[in-house]
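These are my notebook entries on a single protein chain. I record below what I looked up, entry by entry.

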Amino acid sequence: RCAAVAILLAFPALSHAQIRTVLVSPVPGDPVASGTALRNALAGIQSPSASNPWLLKVEPGVYDVQTNPVQMRSWVSIEGSGIESTTIRGNVQTFITQGAPFLHPAGTVNGADNAELRNLTVENIGSSQHAIAMLNRNVSPRIYRVRFITQGDENKSLWGMLNEGFGSGGAPILEEIEVRVTGGRFTIGIEYQGTETFSEIHRSKIVVLGGTTQSAGIGITTGRLNRIRDTVIETYFGASASGIHVRSAFTNPPQDLWLMNTTIISASSTQSNYGIKSDDAFTVNVMGSQIWVHHHSQAFGIRQTTGPTAVLNSHIIAGTGVVSSNGGVNISN
């Protein structure tokens, strides 16, 4: 007892309660009750702000939120106990609607500005109509060391992460994340829709398996993804698969994408495979990277419509066309 008192006197910080950290523990043997405890703990944090930030610390366990998304809050960071230890799981539904954006979406986790998600796994697995593991709609959180898993059957549209913006939002900072999306009709690892803020992906891995109509490791629909660095993107099987698929691009100012020390592998689809496929005016810059594309009938390393392409110090293998473009092409080394 005397020794314990002496330690507390010598290190007074150890005797203080954590005043801005909320600890969430699982309910043993009950993932659903654990998910409810997680959402209640997040909702119960009082008045988070720039001068009053909070940390929600989640212990090891599975937290099943079923159809009720975890809505992140500004100035509250959510930290798990490791990718292999803490899992937030859900069966949250997304409905296809008309207009732009063409979804009324929800993810197992919905992001928030001025917040960080880190050190855990997020899953959307089940019978939902269309599934998203994480949605960032008009918000740009920081995401670090998070694994996103989405699975579904061939009638569904699946996203590991969907970023939507109507101005400055939808551009999260992504570092050391893992994305795995399996099955589906339209199957996408990470998509950017209408996001005008420049966004980046660093030191990450994206794997897409399936897509009976179309699939992509990264999809860009008028979104400003500007830089991918030290990242691996793999797409396999399905019908038509692309490592990166640009459906539409901003024109003012013109849009460009830089790949640095990045590997793209696209193979074994039933119709066609692409490393990078651009359907709009879009500038592609590839530096110190590898693009390997294999298919028995149609395989393109880079397939451009009108935008310029620059390749430097890189290695591209493709059966049909290494670089196919109606725009200017500059290749060195």
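Entry 1, terms and model. I take strands as DSSP runs of E of at least two residues, numbered from the N terminus. The model is predicted, and I therefore began with its confidence values. The mean pLDDT of the protein is 90, and 91% of its residues reach 70 or more. I then looked for a weak stretch and found that pLDDT stays under 50 over residues 11-16. For residues 11-16 the model has 3 contacts beyond four places in sequence. Low pLDDT means that predicted coordinates should not be read in detail.

Entry 2, overall form. I counted 2 helices and 32 strands in the protein. The radius of gyration is 22 Å, close to the 20 Å that the globule rule gives for 333 residues, so I note the protein as being as compact as a globular protein of that length. Along the principal axes, the C-alpha trace spans about 75 × 40 × 35 Å. I also checked how contacts are spread along the sequence: among those with a separation of 6 or more, 75% are between residues 24 or more positions apart.

Entry 3, surface and charge. Buried residues make up 53% of the 333 residues. For the accessible surface I noted about 14000 Å², of which 53% belongs to carbon and sulfur atoms. The charged side chains number 22 positive and 22 negative, and I found the centres of the two sets 3 Å apart.

Entry 4, Val 58. I located Val 58 in strand 2, residues 54-58. Is Val 58 buried or exposed? Its relative accessibility is 0%, so Val 58 counts as buried, the cut-off being under 20%. Leaving out residues up to four places away in sequence, I listed its contacts as Val 24, Leu 38, Tyr 63, Ile 78, Glu 79, Gly 80, Ser 81 and Thr 86. The C-alpha atoms of Val 58 and Gly 82 are separated by 9.5 Å, and these residues are 24 apart along the chain.

Entry 5, Gly 80. Since Gly 80 is one of the residues that Val 58 touches, I turned to it next. Gly 80 is in the loop between strand 5 (76-79) and strand 6 (86-90). Gly 80 is buried, with a relative accessible area of 1%. Besides Val 58, Gly 80 touches Lys 57, Thr 86, Arg 118, Asn 119 and Leu 120, with residues up to four places away not counted. Between the C-alpha atoms of Gly 80 and Asn 124, 44 residues apart along the chain, I noted 17 Å.

Entry 6, Trp 258. I found Trp 258 in strand 23, residues 256-260. Trp 258 is partly exposed, at 29% relative accessible area. Beyond four places in sequence, Trp 258 touches Asn 226, Arg 227, Ile 228, Asn 285 and Met 287. Val 286 is 28 residues from Trp 258 along the chain, and their C-alpha atoms are separated by 6.1 Å.

Entry 7, backbone angles. Most residues other than glycine have a negative phi. Which angle did I note for Arg 203? Arg 203 has a positive phi of about 50 degrees. Arg 203 lies in the loop between strand 17 (199-202) and strand 18 (205-209), and at 36% relative accessibility it counts as partly exposed. Asn 333 also has a positive phi, near 60 degrees. I placed Asn 333 in the segment after strand 32 (329-332), where it is exposed at 72% relative accessible area.

Methods. Residues numbered from 1 in each chain as written. Predicted model: local features only at pLDDT ≥ 70, side-chain atom pairs only at ≥ 80, totals over all residues. Heavy atoms only, no water. pLDDT = per-residue confidence, 0-100. Contact = heavy atoms within 4.5 Å. Rg over C-alpha atoms; globule rule 2.2 N^0.38 Å. Buried < 20%, exposed > 50% of the residue type's maximum accessible area, 1.4 Å probe, protein only. Areas by Shrake-Rupley, 256 points an atom, 1.4 Å probe, with all protein chains shown as cover. Lys, Arg positive; Asp, Glu negative; His and termini not counted. Charge placed at Lys NZ, Arg CZ, Asp CG, Glu CD.
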